[in-house]
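Welcome! Here are a few short exercises on aromatic rings, each with a worked solution. Take a look at the model first.

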Amino acid sequence: MIFDISETLFSLPLNPCICFNLFKIQRLSAGEKNIAILCNPLAGVGKASRLAVRLANELQNKKISFTIFNKEWPADFTGFSEVWIVGGDGTLNYFVNYYPGIQVPFAVFKGGTGNDFYRLLYKDISLGQQLQLVLHTPSKPIDAGRCNGKYFLNIAGIGFEGSVVQSLNGKKKLPGKTSFYITILKKIFFYRSQYYSISDGNKIYTGNKLMVSVTNGRSAGGGFFISPEARPDDGLLDVILIDKLTPLKRIKYLPVIEKGKHLRLPFVTHFTATRLAIKSDTLMQYHLDGEYGAAHEISIEIVTHKLRVLY
């Protein structure tokens, strides 16, 4: 239900302090590492840039070849053994859609504000522990969702969530998450639920819904566990439908959703699926990991083992 789009990556401004190449790309021998570090300097209000420099120092001390890409990301990763992404969920969404056919394994470092998909993969380990894990652990496959031709790794949020993202798009943000929470509060009181027809190929779910959340990850918005039973490697999408609620009930149950204790509530429907067809008689607002979209028909499917991740 809650998400963050502050690290959404539309362009990457040059920061001369951290946009540099340290080693030439060359053919790798077996077991040799050459790492591409992709930094989103907009993420985390400079947090990603500082973290990228710290990672560079760690790799330099370990005498591991790497290149930092800050302003312009490469066309492909020929000559690189792996990719390290420094940013938040929005940066990760940009990455998977910018490189839809990527075969190189990647790792995610928490340079954003929400970092929900990072937390799903790495829990709360320290940076030092994550470095050891990423450098010495074989990659594992994870799934991705595909919605109207675009990929998402964490969540496709339709209805209430999409409306919040649309309201925040193009607006000057207040410090931290102030703008985000102000918008959420307004939507709690004034958002009008919408009629949906949702088919998983076997059953059709209809009615007025506050939210339709289709998830590959468990949480969004920096720790709201909208889909606490989801797994990114089980070949399934977890679907959460929340019926129309009064503003007072929305306020009452927000803390319950934050803790992931809502799945058995009478106004919540939870099921798993491999594909969905969603229709509405009015335009549907949605977001994919914080990227806004709108459509009268939405098609969502799971793409199993789409990516390989170091975790």
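**Exercise 1.** Which residue lies over the face of Y311?

*Solution.* The model is predicted, so local features need pLDDT of at least 70, side-chain atom pairs count only at pLDDT 80 or more, and totals for chains, interfaces and linings use all residues. Residues are numbered from 1 along each chain as its sequence is written, and side-chain values use heavy atoms, leaving out hydrogens and water. Now apply the rule: NZ of Lys or CZ of Arg must be within 6 Å of the ring centre and within 35 degrees of the ring normal. K140 fits, at 5.1 Å from the ring centre of Y311.

**Exercise 2.** Classify the pair Y94 and Y98.

*Solution.* Rings of Phe, Tyr and Trp (its six-membered ring) pair if their centres lie within 6.5 Å; planes under 30 degrees apart are stacked, over 60 edge-to-face, and the rest tilted. That rule gives 16 aromatic pairs. Y94 and Y98 are 5.4 Å apart, centre to centre, with 15 degrees between the planes, making a stacked pair. Next, accessibility: buried means under 20% relative accessible area, exposed over 50%, partly exposed in between (1.4 Å probe, protein chains only). Y94 has 23%, so Y94 is partly exposed; Y98, at 41%, is partly exposed.

**Exercise 3.** Now classify Y253 and F267.

*Solution.* Their centres are 4.8 Å apart and their planes 65 degrees apart, so the pair is edge-to-face. Y253 is buried because its relative accessible area is 18%; F267 is buried because its value is 12%.
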